[in-house]
Amino acid sequence: MPRTLIAVNEQGLLTLPAEIRRRLGIRTGSQLEVKVVDNAINLRRATVIPEEDRWAYTPEALASLRRALADVRAGRVYEVTEEDLLAGRVPRRAGRVSRRRPPKQ
């Protein structure tokens, strides 16, 4: 794509040409991340994670997902019904050591 010049108006706003917006999938309401690197401005579409979904990106949740995927790869996959879950009949991972501390006496 050839170099494109964009003017900044009095309010500091700039307009991205339609061709660039289409190419990058930028629509009305899209959020952009702005980063200044070596005296240059980099714009890219921002990945916005809703507040209610942020728990899924915590180190604990990601570690749990990695363990689950490792179980799937190793063939440790179980079918559990809702009835089993409600009754507390859940298969346990073999060889897993409890991380709970024993109660103080």
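Asp38 is exposed, with a relative accessible area of 76%. In this predicted model, Asp38 sits in the loop that connects β1 (32–37) to β2 (40–45). The backbone of Asp38 has a phi near 50°, a positive value in a residue that is not glycine. Asn39 belongs to the loop between β1 and β2 as well. Its phi is also positive, at about 65°, and Asn39 is not a glycine either. With a relative accessible area of 80%, Asn39 is exposed, because the threshold for that class is over 50%.

The two strands on either side of this loop form a hairpin with 2 residues between the strands, and the positive phi of Asp38 near 50° falls within that hairpin. β1 and β2 run antiparallel and are joined by 6 bridges. One of the pairings is between Val36 and Ile41, the latter being the bridge partner in β2.

A salt bridge also spans the hairpin: Glu33 pairs with Arg44, and their closest N and O atoms are 3.6 Å apart. The pair links distant parts of the chain, with Glu33 in strand β1 and Arg44 in strand β2, 11 residues apart. The separation of 3.6 Å qualifies because the criterion is a side-chain nitrogen of Lys or Arg within 4 Å of a carboxyl oxygen of Asp or Glu. Glu33 is partly exposed at a relative accessible area of 32%, whereas Arg44, at 53%, is exposed.

The hairpin is one part of a chain that contains 3 helices and 2 strands. Along the sequence these elements follow the pattern α-β-β-α-α. In the segment before α1 (18–24) lies Ala7. Leaving aside residues up to four places away in sequence, Ala7 touches Leu13, Leu14 and Thr15. Ala7 nevertheless counts as exposed, with a relative accessibility of 62%.

Further salt bridges occur later in the sequence. The structure holds 5 of them. Side chains of opposite charge can pair when their charged atoms come close. In one case the side chains of Arg76 and Asp71 meet at 2.7 Å, N to O. Asp71 is buried, because its relative accessibility of 11% is under the 20% limit. Its partner Arg76 is partly exposed, at 38%.

Another salt bridge brings together the side chains of Arg89 and Asp84, with an N to O distance of 3.1 Å. Here too the acidic residue is buried: Asp84 has a relative accessible area of 19%. Arg89 counts as partly exposed, with 45% relative accessibility. Asp84 and Arg89 also belong to a network of salt bridges that includes Glu83.

Values for the whole chain complete the description. Of the 105 residues in the protein chain, 7% are buried. The chain exposes about 10500 Å², and 52% of that area is supplied by carbon and sulfur atoms. When contacts between residues at least 6 apart in sequence are considered, 4% of them join residues at least 24 apart.

Technical notes: Residues are numbered from 1 along each chain as its sequence is written. This is a predicted model: local features need pLDDT of at least 70, side-chain atom pairs count only at pLDDT 80 or more; totals for chains, interfaces and linings use all residues. Side-chain values use heavy atoms; hydrogens and water are left out. Helices (H or I, at least four residues) and strands (E, at least two) are DSSP runs, numbered from the N terminus. Buried means under 20% relative accessible area, exposed over 50%, partly exposed in between (1.4 Å probe, protein chains only). Contact means heavy atoms within 4.5 Å. Accessible areas come from the Shrake-Rupley method with a 1.4 Å probe; for residues, only the protein chains shown count as cover. Two strands pair if DSSP finds at least two bridges between them.
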